[in-house]
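Here's a walk through one protein, written for someone who would rather be at the bench. Keep the viewer open while you read.

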Amino acid sequence: MASSSQLIGLAKSLPAPLQRFFARYPPTAILPENASKTRFQEDRPNPFRFYKHPVTGKWHDPVYSQRRQAELVQMAREHGVEELLPETRKGTEYRLAHRVEHGLRVKGTGVGQKVKGHIHERHMIAKASSKLTRLQNGSKEKSHVGYAQSYQALEEGTPTHYQVLNLTPTLLDTQHDSTLLIKRAYHRALLCNHPDKVSTSDSSSFFTVDQITTALNVLSSPSSRAIYDAALRVSRPAGAAGLDGSFQTGVENVDLDDLPFDEAEKCWYRPCRCGNEHSYEFREADLEDVGDEGELIVGCLDCSLWLRVHFAVMDDDLDETQSSNSSSKEKS
């Protein structure tokens, strides 16, 4: 047993709330056998429990609330004197014993208990695996049906996606990144097939918005385009439009310096053989988008012809060096 000097030193090192508590309710483990009880201990042997009055028979609340009990237990645990506190529901020993007996706050985790769960919980894993199998089989069947429908649609003579956007596989294959070209063809197809611009006599060559959007989605994705090209070759082996040359889009190569520049519209333009004087139009922002490639493909607004514009991007530092050299020569 520790000496009185050690106990006094331990008591002085404790926080003030613990010092007051042990002064009112000194632990019996460190007191001598004949030590007298304090008046607080005479009124309440355990201040952490409910108390039944011996005369009136009424139950009284504990002296310390549950929150204050938890605070005292936490401070005592930090200073290593938790075993000196009276028995409480907030103590570590009680909480561990309660967890072993009753388990966690989940039904069926205690001693001798078994998790039963609802019927949908017991069959959840089996249903999930069955659903995954059905989805996998269904996706395969759906893909086969989609290929069959695409073959049937192509056999019936419907226009191909290349015809809808006035493109060819060769033209797309020559591009480093065909996404920008496909988007330009998409916007041009929307303008050319607008209901206000298509006459009733020429309604046979009119493409709907759904056809144009579908063509954009298929040709923009490399995997979808490869599948579509394979289906196109199988369905039309002798004359696949856009694949064997029966449908060709003309492409003319020009240099940027040879094109006139419209100062009012701030754009370069070129007439087309279809009769439109400003059928090919592009601006400086369009050149900046393809500055790394050094060429821009512009489509005619009225026909299926294309114009490949070649240009070179000059470095700003090089321009400044050349201008400084020329100015120095003039001064000399």
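What follows goes from overall confidence to the strands, and then to a few single residues.

**How far to trust it**

First things first: this is a predicted model. The protein's mean pLDDT is 75, with 71% of its residues at 70 or more. Confidence peaks in strand β2 (residues 59-60), at a mean of 94, and bottoms out in helix α14 (residues 316-331), at 53. Two stretches also deserve a warning flag. Residues 142-149 have a pLDDT below 50, and beyond near neighbours in sequence that stretch has 1 contact in the model. Residues 238-248 also sit below 50, yet here the model shows 23 contacts beyond near neighbours in sequence. Where pLDDT is low, the predicted coordinates shouldn't be read in detail.

**The overall picture**

The chain has 332 residues, and 28% of them count as buried. Its secondary structure adds up to 14 helices and 8 strands. Take the contacts between residues at least 6 apart in sequence: 47% of them link residues at least 24 apart. About 22,900 Å² of the protein is exposed, and carbon and sulfur atoms account for 52% of that.

**The three-stranded sheet**

In what order do the 3 strands of the open sheet run? The order is β4-β5-β6, and the pairing is antiparallel. The edges are β4 (261-262) and β6 (280-282), each of which pairs on one side only.

On one side, β4 and β5 pair over 2 bridges, and D262 stands opposite C267 in β5. These two strands make a hairpin with 4 residues between them. K266 is in the loop between β4 and β5, and its phi is positive, near 60 degrees, even though the residue is not a glycine.

On the other side, β5 (residues 267-270) and β6 are held in register by 3 bridges, again antiparallel. Here W268 stands opposite F282 in β6.

What about the cysteines in this part of the chain? C267 is buried, with a relative accessible area of 0%. C272 also counts as buried because its relative accessibility is 10%, and the cut-off for buried is under 20%. As for disulfides, a search of the whole structure turns up 0.

**The β7-β8 pair**

Now move along to β7 (residues 295-299), which is mostly covered: 5 of its 5 residues are buried. In a regular strand the side chains alternate between the two faces of the sheet. In β7, E295, I297 and G299 point one way and L296 and V298 the other, all of them buried. The partner strand is β8 (residues 306-310), which pairs with β7 in the antiparallel sense over 5 bridges. To find your bearings in the viewer, look for I297, which stands opposite R308 in β8.

Here are the strand pairings side by side:

| Strand pair | Sense | Bridges | Residues standing opposite |
|---|---|---|---|
| β4 and β5 | antiparallel | 2 bridges | D262 and C267 |
| β5 and β6 | antiparallel | 3 bridges | W268 and F282 |
| β7 and β8 | antiparallel | 5 bridges | I297 and R308 |

**A glutamine worth a look**

Is Q69 buried or exposed? Q69 is buried, because its relative accessible area is 0%. This glutamine lies in helix α4 (residues 66-78). Leaving out residues up to four places away in sequence, Q69 touches F48, P62, Y64, T88, R89 and K90. One of these neighbours, T88, has a side chain joined to that of Q69 by a polar contact of 2.6 Å. Another, F48, is 21 residues away along the chain, and the C-alpha atoms of Q69 and F48 are 7.1 Å apart.

**One more odd backbone angle**

Which loop holds N166? N166 is found between α8 (161-165) and α9 (169-173). Its phi is positive, about 55 degrees, although N166 is not a glycine. If you are checking backbone angles, put N166 on your list along with K266 from the hairpin turn.

Definitions and conventions
Residues numbered from 1 in each chain as written. Predicted model: local features only at pLDDT ≥ 70, side-chain atom pairs only at ≥ 80, totals over all residues. Heavy atoms only, no water. pLDDT = per-residue confidence, 0-100. Contact = heavy atoms within 4.5 Å. Buried < 20%, exposed > 50% of the residue type's maximum accessible area, 1.4 Å probe, protein only. Areas by Shrake-Rupley, 256 points an atom, 1.4 Å probe, with all protein chains shown as cover. Pairing = 2+ DSSP bridges. Disulfide = S-S within 2.5 Å. Polar contact = N/O pair within 3.5 Å; in protein donor to acceptor, adjacent residues only side chain to side chain.
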